[in-house]
Amino acid sequence: MIPSPLLEFRQVSKTYGDGAATIRALDRIDLSIERHQFLAIMGPSGSGKSTAMNILGCLDVPSSGAYLFDGVEVGNLDRGQRTLLRRHMLGFVFQGFNLLARTSAIENVELPLVYRGMAGPERRRLAKRALGMVGLAGREDHTSAQLSGGQQQRVAIARAIVTEPKVLLADEPTGNLDTRTGDEIMALMTALNREQGITVIMVTHEDEIAAYADRIVRFVDGHLDSDRPNVKEASHVL
Ligand SMILES: Nc1ncnc2c1ncn2[C@@H]1O[C@H](COP(=O)(O)OP(=O)(O)O)[C@@H](O)[C@H]1O
Ligand SMILES: [Mg+2]
């Protein structure tokens, strides 16, 4: 038996509204994403990137077609099952970091474990370890206001990986960062992909950021316009 891809879109369409006002955000997308892949999604504003990410992240379901997560059709799960899938299998990173203000780094990272009902000491142990993995050992008690943008995004990545997800979904993770800090964040995401085997799916509009991925797909008007492997420069492989 051929193993199924980790994530698969089969003729996925997504429409908003109805009648003459219908917007077709995604139009019959076929896309297979293998385990441990690092995929970049590019395309102009309004081309359907975030819509695709919302479906990949089980926050939304297709209007037609099927989204399969490890062979399971997500559209057939109820809301509670989708929430569990999200909490156990997926990590999210956003452009704006989305940390709780006036809350320490470690408390932010512990949050997904609170939702799991994990006891305090175990939670803190895992959150501390995740902060160490993103290079923030010793900053556990700093609040967002006491951290740079790059450090805040590292906290957000620690929060995303503390549950040991199979997939990390990142929508413009370097959009609010300067070039050098953006490169540092990409080096971290590359390491998580290579060393932890996390499948990474990232939206970006910057070629320099997409260059870290091993595959680049491009959306135009809700269609998959191109899909190509990315040949990396030596500096990105290091
Ligand atoms: N909740 C929504 N209601 C109505 N239209 C939406 C909604 N979300 C997205 N759209 C529309 O769907 C299209 C794709 O949007 P989106 O996926 O956000 O694109 P991108 O992330 O590539 O900028 C756009 O035309 C957008 O206006
Ligand atoms: Mg978007």
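Ser-47 brings a backbone N or O atom to 3.2 Å from an oxygen atom of ligand 1, in what is a predicted model. Two further residues make comparable approaches to ligand oxygens, Ser-50 through its backbone and Thr-51 through a polar side-chain atom. Here they are side by side:

| Residue | Atom on the protein side | Distance to an oxygen atom of ligand 1 |
|---|---|---|
| Ser-47 | backbone N or O | 3.2 Å |
| Ser-50 | backbone N or O | 2.9 Å |
| Thr-51 | polar side-chain atom | 2.6 Å |

On its own, ligand 1 has 560 Å² of accessible area, and the protein covers 58% of that. Two elements, β2 (23-33) and α1 (49-56), each give two or more residues to the shell. The largest share, three residues, belongs to α1.

If you would like to pick out the whole shell in the viewer, start with Tyr-16, Ile-23 and Ala-25, then go on to the run Pro-44, Ser-45, Gly-46, Ser-47, Gly-48, Lys-49, Ser-50 and Thr-51. By residue class, the shell holds four nonpolar, six polar and one charged residue.

Now let us step back to the chain as a whole. The domain assignment splits it into domain 1, made of two segments (1-66 + 166-238), and domain 2 (99-164). Between the C-alpha centres of domain 1 and domain 2 there are 25 Å. Twelve residues of domain 1 and ten residues of domain 2 take part in the contact.

How much area is buried between domain 1 and domain 2? The figure is about 830 Å², and carbon and sulfur atoms supply 76% of it. On the domain 1 side, the residues that lose the most area to domain 2 are Ile-185, Leu-188 and Leu-192, which together account for 43% of what that side buries.

Two spots in the backbone also deserve a friendly second look. Most residues other than glycine have a negative phi. His-36, however, has a positive phi, near 70°, and sits in the loop between β2 and β3 (38-42). Arg-102 is not a glycine either, yet has a positive phi of about 50°. Where does Arg-102 lie? Its place is the loop between β6 (90-94) and α3 (105-115).

The strand β2 therefore makes a handy landmark when moving through the model: β2 is among the elements that give two or more residues to the ligand shell, and the loop with His-36 lies between β2 and β3.

Terms used
Residues numbered from 1 in each chain as written. Chains lettered and ligands numbered in written order. Predicted model: local features only at pLDDT ≥ 70, side-chain atom pairs only at ≥ 80, totals over all residues. Heavy atoms only, no water. Near = heavy atom within 4 Å. Polar contact = N/O pair within 3.5 Å; in protein donor to acceptor, adjacent residues only side chain to side chain. Areas by Shrake-Rupley, 256 points an atom, 1.4 Å probe, with all protein chains shown as cover. Helix = DSSP H or I, 4+ residues; strand = E, 2+ residues; numbered from the N terminus. Nonpolar A, V, L, I, M, F, W, Y, C, P; charged D, E, K, R; others polar. Domains from an automatic or database assignment. Contact = heavy atoms within 4.5 Å. Buried area = accessible area lost by both parts, 1.4 Å probe.
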